[in-house]
Amino acid sequence: MRQQPFKIAVPGQKTGPAILTVYQIDNISVAMEKRRPFVIVCGGGGYERISDREKEPVLLQFLSCGCSAALLEYSVGPNEFPVSLLELASAVALARQNARDWQIDPEKILVCGFSAGGHLAASLGVFWDQDFVSGPLGLTPADLRPDGQILCYPVITSGPKAHRSSFEKLLGGRIGEEGLLEKVSLEKQVTAAVPKTFLWHTMTDETVPVENSLLFAQALTQAGVEYELHIYPVGGHGLSLAREETAGERAYHLQPYCSGWIDLAKAWIELHFQCFSMKH
């Protein structure tokens, strides 16, 4: 397996470039070339930081099912919208441009986000075909398009069930700008162009209420977008894998009943994207 970091510079960055670290599984010598799905992981942290528990442990799970994967250390406050969105869009484009060298399928590029990172992933899902994303990057919407998205207890709405501090960090001094807070309320931005989606949340999440996922699922239904939704009756926010390896010293993050989400996500990837495709 190879590990390689890439700097991603976009307009508006205040704290330097984002870092995309690519983990590539080397193919065993065969007559045909394997092209794997590629998953870009965006940890949560309220657009203020990025949680370590939602980085490598999650990425290793995707590697274990035959995907290649990457971690995006995207920009958080004081950077403001749409800087992190442009970074994730650039990461998708970079993967597509390097598909042959990275041995990935350019039509099987997925984004996976947790909490505020889920808002980031879903933002690309709803905005990838918008001029305000492709224009500043000098790319086409087709370059930036995610083929699927995995959203884990995502921040979605800026309405009554919002995780308010995430939006305060995301928008900074622009939070009062007319129409902007509604624009980043993603359940209001869903169209039929949103990619296939896997969602999970817990009923007892007191930080990012379950209504965030429910509102997004409802919007996907209305737009005719295929999705899979899992709601667990127990468990708080920020569970990551909900296993010992991501719980650390906090028993709060150990919730075995919820830990099956990652196996469900792997099965969803296999169903829609397969572990790998064979190309001559």
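A salt bridge here is a side-chain nitrogen of Lys or Arg within 4 Å of a carboxyl oxygen of Asp or Glu. Keep that in mind for the exercises below, and remember that you're working with a predicted model.

**Exercise 1. Find how the side chains of Lys55 and Glu73 meet, and where each residue sits.**

Start with the distance: N to O comes to 2.9 Å, so the pair passes the 4 Å cut-off and counts as a salt bridge. Next, place the two partners. Lys55 is in the loop between β3 and α1, while Glu73 belongs to strand β4 (residues 68–73). They're 18 residues apart, and the pair links distant parts of the chain. Now check exposure. Lys55 has a relative accessible area of 11%, which is under 20%, so call it buried. Glu73, at 31%, is partly exposed. Finally, look for further partners: Asp52 joins Lys55 and Glu73 in a network of salt bridges.

**Exercise 2. Work out which parts of the chain the pair Glu48 and Lys169 ties together.**

First confirm the contact: the two side chains form a salt bridge, with N to O at 4.0 Å. Then locate the ends. Glu48 is in the loop between β3 (33–42) and α1 (56–64), and Lys169 is in helix α7 (residues 164–171), so the salt bridge ties together parts 121 residues apart in sequence. As for exposure, Glu48 has a relative accessible area of 52%; that is over 50%, so it's exposed. Lys169 comes out at 35% and is partly exposed.

**Exercise 3. Decide whether Glu177 and Arg174 are buried, exposed or partly exposed, and count the salt bridges in the model.**

Glu177 has a relative accessible area of 38%, which makes it partly exposed. Arg174, at 27%, is partly exposed too. The two form a salt bridge, with their closest N and O atoms 3.1 Å apart. For the count, the rule gives nine salt bridges.

**Exercise 4. Describe the surroundings of Arg96.**

Begin with the address: Arg96 is in helix α2 (residues 83–97). Its relative accessible area is 17%, so it falls under the 20% limit and is buried. Next, list its contacts, leaving aside neighbours within four places in sequence: Pro106, Ile109, Ala142, Asp143, Leu144, Arg145 and Asp147. Now zoom in on Pro106. It's 10 residues from Arg96 along the chain, and their C-alpha atoms are separated by 5.0 Å. A polar atom of the Arg96 side chain lies 2.8 Å from the backbone oxygen of Pro106.

**Exercise 5. Work out how β4 pairs with β2 and β3, and why β4 is largely enclosed.**

Take β2 (residues 18–24) to begin with: it pairs with β4 in the antiparallel sense, over five bridges. Here Leu20 has Leu72 of β4 as its bridge partner. Then turn to β3, which pairs with β4 in the parallel sense over four bridges. Val41 stands opposite Leu71 of β4. As for the enclosure, five of the six residues of β4 are buried, so the rest of the structure largely encloses this strand.

**Exercise 6. Find which residues make the nonpolar surface patch of about 250 Å², and place Met203.**

The patch is made by Met203, Leu214 and Ile231. To place Met203, look between β7 (196–202) and α9 (211–223): Met203 is in that loop.

Technical notes. Residues numbered from 1 in each chain as written. Predicted model: local features only at pLDDT ≥ 70, side-chain atom pairs only at ≥ 80, totals over all residues. Heavy atoms only, no water. Helix = DSSP H or I, 4+ residues; strand = E, 2+ residues; numbered from the N terminus. Buried < 20%, exposed > 50% of the residue type's maximum accessible area, 1.4 Å probe, protein only. Contact = heavy atoms within 4.5 Å. Polar contact = N/O pair within 3.5 Å; in protein donor to acceptor, adjacent residues only side chain to side chain. Patch = residues over 30% accessible without salt bridge, like charges linked within 9 Å, V, L, I, M, F, W, Y side chains within 5 Å. Areas by Shrake-Rupley, 256 points an atom, 1.4 Å probe, with all protein chains shown as cover. Pairing = 2+ DSSP bridges.
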